[in-house]
Amino acid sequence: MKKQIEKKYQTQLDNLITLLKNTKFLTNENVESAIRNVQRHDFVLMSDVDKAYYNEPLAIMKNQTISQPAVVSRMTEWLDVKKGQKILEVGTGSGWQTAILSYLVGDGTIFSVELHPELVEFAQNNLKKLDINNVNVILNDGSLGYPDAAPYDRIIITAACSKIPSLLFDQLNQNGLLIAPVGNSSQSLVLLKKTSQGIIEIKNESNYVFVPLLGKFGKR
Ligand code: SAH
């Protein structure tokens, strides 16, 4: 998957990494190496390539956004991804977060569900630019999860849930982790663990803003 980064992006990427580290959104070496390898300019619209290394969300199609680098870094770190794991992502968008997870699981597998056909195509094309062969992008309502490949070691929801769809917990392995932004106008990033005693909260941080989770168990 490693591609030589074009010189014009190298300084911008280095500056972004420094910013993420200084603000403590990036603390883990493996996640740093994923962000360095999965070049964000491969996942934005052509018109925005010069902004690819800004620490900002950017518009893609269907009124959706590629997430802000700080947020992707935080979520990826909290999710504590290990090699060989099977991960469910709800909300593929551009496929950037997907590709970062793909890098970190190595020979593991990512199932990523996206509601909009245009974005499934966009993400698949973006992922094709890298040599990624451990990702399945599925056109479906991810508020239902993806029972066909369950259970998962990790589940990541990349759109705001007023309530986490309960059937996602059924698709999570014992000791598995689930991360999601929960709330309406502003969300808290919540990291949950499935234990023999039930679902427990591991981490919670407020003041995030994501696009809403749509679909059957999403926003009405
Ligand atoms: N992490 C992605 C951005 C995700 S934005 C990136 O960095 O590019 C949230 C995505 O969730 C959008 O693409 C949106 O279309 C998708 N989405 C919203 N509701 C969904 C649902 N019910 N099922 C699947 N995808 C959904």
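Buried means under 20% relative accessible area. That cut-off matters for helix α3 in this predicted model. In α3, 11 of the 11 residues are buried, so the helix is largely enclosed by the rest of the structure.

## The enclosed helix

Helix α3 spans residues 69-79. Its buried residues start with Pro69, Ala70, Val71 and Val72. Ser73, Arg74, Met75 and Thr76 are buried too. So are Glu77, Trp78 and Leu79. The list includes the charged residues Arg74 and Glu77. Just after α3, Asp80 takes a positive phi of about 50 degrees.

Helix α3 also takes part in both pockets described next. It supplies at least two residues of the lining of the largest pocket. It does likewise for the second largest pocket.

## Two pockets

The largest pocket has a volume of about 540 Å³. Its lining counts 36 residues. Which of them lie nearest the centre of this pocket? They are Gln64, Thr65, Thr158, Ala159 and Val211.

Several elements contribute at least two residues each to this lining. Two are helices, α3 and α4 (96-105). The others are strands: β2 (65-66), β3 (86-90), β4 (109-114) and β9 (198-208). By class, the lining holds 17 nonpolar, 16 polar and 3 charged residues.

The second largest pocket holds about 210 Å³ of space. Helices α2 (29-37), α3 and α4 each give at least two residues to its lining. Helix α2 gives the most, with 3 residues. The classes here are 4 nonpolar, 4 polar and 4 charged.

The residues that line the second largest pocket can be read along the chain. Asn28, Asn30, Val31 and Ser33 come from the early part of the list. Thr76, Glu77, Asp80, Val81, Lys82 and Lys83 follow. Tyr103 and Leu104 complete the lining. Two of these residues, Thr76 and Glu77, are among the buried residues of α3. Asp80, with its positive phi just after α3, also lines this pocket.

## Salt bridges

The count comes to 7 salt bridges. Three of them are set out here.

| Salt bridge | N to O distance |
|---|---|
| Arg36 and Asp14 | 2.9 Å |
| Lys51 and Asp48 | 3.6 Å |
| Lys62 and Glu118 | 3.7 Å |

Take the Arg36 and Asp14 pair, at 2.9 Å. It links distant parts of the chain, 22 residues apart. Arg36 sits in helix α2, and Asp14 in helix α1 (residues 7-22). Arg36 is partly exposed, because its relative accessibility is 28%. Asp14 is also partly exposed, at 29%.

In the Lys51 and Asp48 bridge, the closest N and O atoms are 3.6 Å apart. Are these two partners buried or partly exposed? Lys51 is partly exposed, with a relative accessible area of 35%. Asp48 is buried, because its relative accessible area is 11%.

The side chains of Lys62 and Glu118 meet at 3.7 Å. This pair also links distant parts of the chain, with the two positions 56 residues apart in numbering. Lys62 lies in the loop between β1 (58-59) and β2, whereas Glu118 lies in helix α5 (residues 117-128). Lys62 is partly exposed, at 40% relative accessibility. Glu118 is partly exposed as well, at 35%.

Salt bridges that share partners join Asp14, Lys21, Glu32 and Arg36 into one network.

## Backbone details

Where does the cis peptide bond at Pro151 fall? Pro151 is in the loop between β5 (135-139) and β6 (152-157). The cis bond joins Ala150 and Pro151, with omega of about 5 degrees.

Lys24 is not a glycine, yet it has a positive phi of about 65 degrees. It lies in the loop between α1 and α2. Lys24 counts as exposed, because its relative accessibility is 57%.

Asn207 is not a glycine either, and its phi is positive at about 75 degrees. This residue is found in strand β9, one of the strands that help line the largest pocket. Asn207 counts as exposed, at 67% relative accessibility.

How values were computed. Residues are numbered from 1 along each chain as its sequence is written. This is a predicted model: local features need pLDDT of at least 70, side-chain atom pairs count only at pLDDT 80 or more; totals for chains, interfaces and linings use all residues. Side-chain values use heavy atoms; hydrogens and water are left out. On a 1 Å grid over the protein atoms alone, a cavity is a set of points where a 1.4 Å probe fits but cannot get out, and a pocket is an open set with protein on both sides within 12 Å along at least five of seven lines; lining residues have an atom within 4 Å of a point. Grid points are joined across faces, edges and corners, and a volume is the space filled by probe spheres set on the points. Helices (H or I, at least four residues) and strands (E, at least two) are DSSP runs, numbered from the N terminus. A salt bridge is a side-chain nitrogen of Lys or Arg within 4 Å of a carboxyl oxygen of Asp or Glu. Buried means under 20% relative accessible area, exposed over 50%, partly exposed in between (1.4 Å probe, protein chains only).
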